[in-house]
Protein chains: 2
Amino acid sequence: MAAPARRPTIKDVARAAQVSYQTVSRAINDKPEIDPDTKRRVLDVAEQLGYRPSRHARALVKPRPSTLGLTVPDLTNPFFPEVVAGVIDSAAASGWQVNVVSGAGGPAAEAELLRSFAAEVDALVGYFNHLDRSPEGLDIPVVLLDAEVPMPRCAAVAVNVDAGVRAGVQHLLDRGHRRLGMIDCSTSCDRHQRRKSFQQALADHGIALPADAVVDSEQSIPGAERATHQLLDRHPEVTAVFAFNDLTAVGVVRAAHARGLRVPQDCAVLGFDGLMLGELITPPLTTLHIDKRRLGALAVGEVERLLAGEREPAEVELTPELVVRESA
Amino acid sequence: MAAPARRPTIKDVARAAQVSYQTVSRAINDKPEIDPDTKRRVLDVAEQLGYRPSRHARALVKPRPSTLGLTVPDLTNPFFPEVVAGVIDSAAASGWQVNVVSGAGGPAAEAELLRSFAAEVDALVGYFNHLDRSPEGLDIPVVLLDAEVPMPRCAAVAVNVDAGVRAGVQHLLDRGHRRLGMIDCSTSCDRHQRRKSFQQALADHGIALPADAVVDSEQSIPGAERATHQLLDRHPEVTAVFAFNDLTAVGVVRAAHARGLRVPQDCAVLGFDGLMLGELITPPLTTLHIDKRRLGALAVGEVERLLAGEREPAEVELTPELVVRESA
DNA sequence: ATGAAAGCGCTAACAC
DNA sequence: GTGTTAGCGCTTTCAT
């Protein structure tokens, strides 16, 4: 009496509709070679039984990649949701589904998560901070969102950090700043790209930069506040701070305000990323804007290139754009 | 000569390892009844061939739900990423994968998206704004994140908007405000709950509220700015504005500032949601904080309850908590 | 237009 | 310990 609770299969439908089960298949797949009446009847029965085709059985018979894995470090960081949105939208347009995973803890956890995750998807896109560049074994297409050196079967969509940093530094110099500082985030996935570019850019302009004028911070607002205090304690002469990203820039602004400094008059602050957040604080953040949705879309494009058989690694680049608002 | 490019199957491994393909199955499934040497050899061959088991074939044989569908209206709205994070984390802990889709356009688009999406997942969680409460046909467990009246095979995790609104109104009254206004967002999925609760709460306190002191807004900052100007043009006597959520509250604050009003002295502003955003603007937003991660986690809990066979609908509730900062 | 049979990649039952 | 046989739910020949 208690219903078996089993999901009805194509055969259940066939039995109930008094036809062979291939006929059912024809009906639900909208094939031409079937009597319209039969078709309608079958469809009705199917509906009534609550029949839904098994995606697994289907995928077995007609194998085509359909699921994209997406890894992001932290959805709480407003940068990433937009990338995710870009991937999802773009993937949806191509008929992909997107499996999202977020915030793998340490290197070991990340490696493990990746192993199991990779088994469930047909391609992988994302940030792999801790992974030491060798997604061995998992031979599905992989598109790195944070790395520079792709490997076979592995593409990358990169942000041209160097160009961005240089544009930012140029802007600061144009405004007359000569004593600069920087808040870096070594725990991020940028592998000191921003820091190096910053140092190099200043060197190229012949501007001195004390080694301890680059201070490392957690990737959070309070962390950046602390780091900024450190920086300004050491170097009160600094008139402009290059922040690792908008989130840390918010921390820099808060710390500056806390010290009674006016932004940008006493201390200019430059962000990176171009988050909506930056427009809303006081003063609105001058920043290097990254088109995060596009980043995601480009990644999906790379997945498809890889899947289409292009074997050689490629790196697509996105250049940040300086958006001048009020903080610098 | 050109490799078939076909993914190696268990049989390919068997052939290469000179064993039957079930032995391969034993090896990769870590079954006890197999000679350690054989196992190692098989595993080596598998590795070398780049073999990966087919999740579809596996799922066919051992059917267990594994994929959760999650729909959110808009990842750009900072409210949702946190809910997503809550769902993902909680789902991951139970071995689920999460398929995320975002921003279905109109009602028709949403219905269509849902149909196809539902075919790909084993359970569905999310916001279904446009859907007229009848996920007919898709008989998988559904957990509504925005609705009140669940249906069979359908649970809901709701925010107790009424309690939140009342706490907020009480706070405003405690601060001496008697002329209140509200910015509502009728396009959202709250179905005028906030508006109704607001009106009712004021009525219960015997406070008059002109009908046009509740003005409808798009769910965006500029939209809220426009709406606020409308409100204050009509009712300059208003001393406190109840905003639909933190995002619109930001717009209210901006509009107030634009009119030369001090917040909260001349015009108090109360938000809803408790976004990080609200802490960062000037002045920091007083708001009704919702634990968004927990919302997501609860939804996953409901999915599991449903899957475990609990048929009767249930509604889990989450009550917003008043966080007093500076805007009200 | 419909039915029968094969087979997708895999695990589980049962031999040996 | 290993191989043989079924069968998961479905689509595709191939007959009829």
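Which polar backbone atom is 3.4 Å from a base nitrogen of DNA strand C? Select Ala57(B): a polar backbone atom of this residue is the partner of that base nitrogen.

Before moving on, a word on what you are viewing. This is a predicted model, in which local features need pLDDT of at least 70 and side-chain atom pairs count only at pLDDT 80 or more, while totals for chains, interfaces and linings use all residues. Residues are numbered from 1 along each chain as its sequence is written, chains are lettered from A and ligands numbered from 1 in the order in which they are written, and side-chain values use heavy atoms, with hydrogens and water left out.

**Stop 1: around DNA strand C**

Show the residues near DNA strand C (a heavy atom within 4 Å of it). There are 29 of them, and Thr23(A), Arg26(A), Ile10(B), Tyr51(B) and Arg58(B) come nearest. Of the strand's atoms that come within 4 Å of the protein, 58% belong to sugar and phosphate. By class, this surface has twelve nonpolar, nine polar and eight charged residues; here Ala, Val, Leu, Ile, Met, Phe, Trp, Tyr, Cys and Pro count as nonpolar, Asp, Glu, Lys and Arg as charged, and the others, Gly among them, as polar.

Now colour helix 2 (21–28) and helix 4 (55–61) in both chain A and chain B: each supplies at least two residues of this surface. Helices (H or I, at least four residues) and strands (E, at least two) are DSSP runs, numbered from the N terminus.

Next, zoom in on chain A. A polar side-chain atom of Arg26(A) lies 2.5 Å from a base oxygen of DNA strand C, and a backbone N or O atom of Ser20(A) sits 2.9 Å from a phosphate oxygen of the strand.

**Stop 2: helix 2 of chain A**

Select Thr23(A), Val24(A) and Ala27(A), which are buried (under 20% relative accessible area, with a 1.4 Å probe and protein chains only). They lie on the same side of helix 2 of chain A because they cover an arc of only 105° around the axis, taken from the directions from the helix axis to the C-beta atoms. The buried residues of this helix pack against helix 1 (10–17) and helix 3 (36–49) of chain A. Just after helix 2 of chain A, look for Asp30(A), with a positive phi of about 60°.

**Stop 3: Asn160(B)**

Finally, jump to Asn160(B), in the loop between strand 5 (154–159) and helix 7 (161–174) of chain B. Asn160(B) counts as buried because its relative accessibility is 17%. Leaving aside neighbours within four places in sequence, Asn160(B) is in contact (heavy atoms within 4.5 Å) with Glu317(B), Leu318(B), Thr319(B) and Pro320(B).

Methods
Buried < 20%, exposed > 50% of the residue type's maximum accessible area, 1.4 Å probe, protein only. Polar contact = N/O pair within 3.5 Å; in protein donor to acceptor, adjacent residues only side chain to side chain.
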